[in-house]
Amino acid sequence: MDYCRELITTHRNKIFSPFLRAIKEYSLIEKDDKIAVCMSGGKDSFVMALCFKEILKYSDVPFEVEYLVMDPGYSKEHLNEIIENAKLLDIPITIFNSNIYKISSEQEKNKCYICAKMRRGALYNEAKKHGCNKIALGHHFDDAIETLLMSILYSGEVSGMRPIVKSDNYENMYLIRPMYYVREKDIIKFQEECNLSFLKCACFMTKDKALCESSKRQIIKKLISELDDENEYVSKNIFRAQSNVNLNKLLSYKKDNEIIELIKKNLADKN
């Protein structure tokens with residue numbers, strides 16, 4: 001099967017076009033970029049890699065990609081599954097090793113946070129070694145709205161997931177999310193119709209649901225799904241809320257670690 005062909009024909013409107021839309025609206029790809037397409041082995045990053053393969057053929061903007069796979073401590077079985085899928089989809093991956101799973105497992109608290117932070121840092125470091133100035137992650141529309149609700153319900157903070165972020169720790173490096181407008185259900189539909197099987201989760205932490213962030217994400221995912229059943233616009237409204245913040249009805253906001261007290265500011269402005 002020609003998987004790229006399926007992507008730009010049967011699934012163009014639901015996957016490839018939203019991929020292009022995010023790139024265009026947020027200027028995710030610019031002239032002479034070299035982008036590290038970061039692949040975990042799951043459905044989202046593999047479909048993202050296929051989208052990059054396709055856009056490389058026709059883009060008017062000259063850029064390069066490097067398909068990076070980090071092995072944070074996968075089992076041999078999981079790593080082989082990633083390698084076989086890369087061969088099947090004709091994606092030239094570069095694998096690099098780390099011992100992040102082992103290090104994070106030894107931490108007493110915040111194991112998921114530490115693991116995620118270390119993986120992000122490892123990806124930036126490896127990307128720089130390959131001359132890349134951007135790393136692309138496969139986070140999609142549903143990841144964005146789930147992250148927003150998780151931050152509110154579990155962290156007491158309104159914090160979202162941007163399509164492009166300038167790194168604070170790595171000079172002239174950016175993180176981009178070109179799957180930002182793609183729905184997870186459409187990725188799953190592509191996977192099923194193409195009879196593909198990707199890595200679901202290779203994290204040892206999922207064995208302990210009480211510790212794993214993915215268990216919280218599953219709760220949020222279920223909540224959104226139930227609300228969508230009652231009102232089809234719920235998911236879209238959550239996503240839209242990120243760009244529709246009414247500061248006149250909030251108590252305060254944080255910018256560059258400074259808390260701006262809006263009520264006090266409004267009263268001061270009146271006086």
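Two strands count as paired if DSSP finds at least two bridges between them. In this predicted model, strand β1 (residues 34–38) and strand β2 meet that condition, pairing in the parallel sense over five bridges.

**Overall make-up**

The protein chain contains eleven helices and eight strands. Of its 271 residues, 44% count as buried. Among contacts between residues at least 6 apart in sequence, 73% join residues at least 24 apart.

**The pair β1 and β2**

Within this parallel pair, I35 stands opposite V65 in β2, and A36 stands opposite E66 in β2. How many residues of β1 are buried? Five of the five are, so β1 is largely enclosed by the rest of the structure. The side chains of the strand are split between two directions: K34, A36 and C38 point one way from β1, while I35 and V37 point the other way. Residues on both sides are buried. Strand β2 (residues 64–71) is mostly covered too, with seven of its eight residues buried.

V37 gives a view of what surrounds β1. Not counting residues up to four places away in sequence, V37 touches M48, A49, F52, V65, E66, Y67, L68 and A136. Of these, V65 and E66 have already appeared as the residues opposite I35 and A36.

**The largest nonpolar core**

In soluble globular proteins, nonpolar side chains tend to be buried together. The largest nonpolar core in this model has 74 residues. Which residues have the most contacts inside it? They are I35, V37, F52 and I135. Helix α3 (residues 43–58) supplies the largest share of this core, eight residues. The strand β1 is thus represented by I35 and V37, which point the same way from it, and V37 is also in contact with F52.

**The loop after β3**

S98 is found in the loop between β3 (93–97) and α5 (100–105). S98 and P72 are 26 residues apart in sequence, yet their C-alpha atoms are 4.8 Å apart in space. Leaving aside its neighbours within four places in sequence, S98 is in contact with M70, D71, P72 and G73.

**The hairpin of β7 and β8**

Strand β7 (residues 252–255) and strand β8 (residues 258–261) run antiparallel and are joined by four bridges. One of the pairings is that of Y253, whose bridge partner in β8 is I260. The hairpin has two residues between the strands, and D256 takes a positive phi near 50° there.

N248 is found in the loop between α10 and β7. N248 and I263 are 15 residues apart in sequence and 8.5 Å apart in space, C-alpha to C-alpha.

**Three loop residues**

S27 has a positive phi of about 50° although it is not a glycine, and the same description holds for D256, with a positive phi of about 50°. Are these two residues buried, partly exposed or exposed? The table answers this and adds N248. A residue counts as exposed when its relative accessible area is over 50%.

| Residue | Loop | Relative accessible area | Class |
|---|---|---|---|
| S27 | between α2 and β1 | 39% | partly exposed |
| D256 | between β7 and β8 | 71% | exposed |
| N248 | between α10 and β7 | 66% | exposed |

D256 is exposed because its relative accessible area is 71%. N248 counts as exposed because its value is 66%. S27, at 39%, is partly exposed.

**The second largest pocket**

Rolling a probe the size of a water molecule over the atoms shows where empty space is left. The second largest pocket has a volume of about 620 Å³. It is lined by 26 residues, of which F141, D142, R183, K185 and S235 lie nearest its centre. The elements that give two or more residues to the lining are α2 (12–25), α7 (141–155), α8 (184–193), α9 (213–230) and α10 (234–241). Which of them gives the most? That is α9, with five residues.

By type, the lining residues divide into nine nonpolar, three polar and 14 charged. Among the residues nearest the centre are D142, R183 and K185, and Asp, Lys and Arg count as charged.

Definitions and conventions. Residues are numbered from 1 along each chain as its sequence is written. This is a predicted model: local features need pLDDT of at least 70, side-chain atom pairs count only at pLDDT 80 or more; totals for chains, interfaces and linings use all residues. Side-chain values use heavy atoms; hydrogens and water are left out. On a 1 Å grid over the protein atoms alone, a cavity is a set of points where a 1.4 Å probe fits but cannot get out, and a pocket is an open set with protein on both sides within 12 Å along at least five of seven lines; lining residues have an atom within 4 Å of a point. Grid points are joined across faces, edges and corners, and a volume is the space filled by probe spheres set on the points. A nonpolar core is a set of buried Ala, Val, Leu, Ile, Met, Phe, Trp, Tyr and Cys residues joined through side-chain atoms within 4.5 Å. Buried means under 20% relative accessible area, exposed over 50%, partly exposed in between (1.4 Å probe, protein chains only). Contact means heavy atoms within 4.5 Å.
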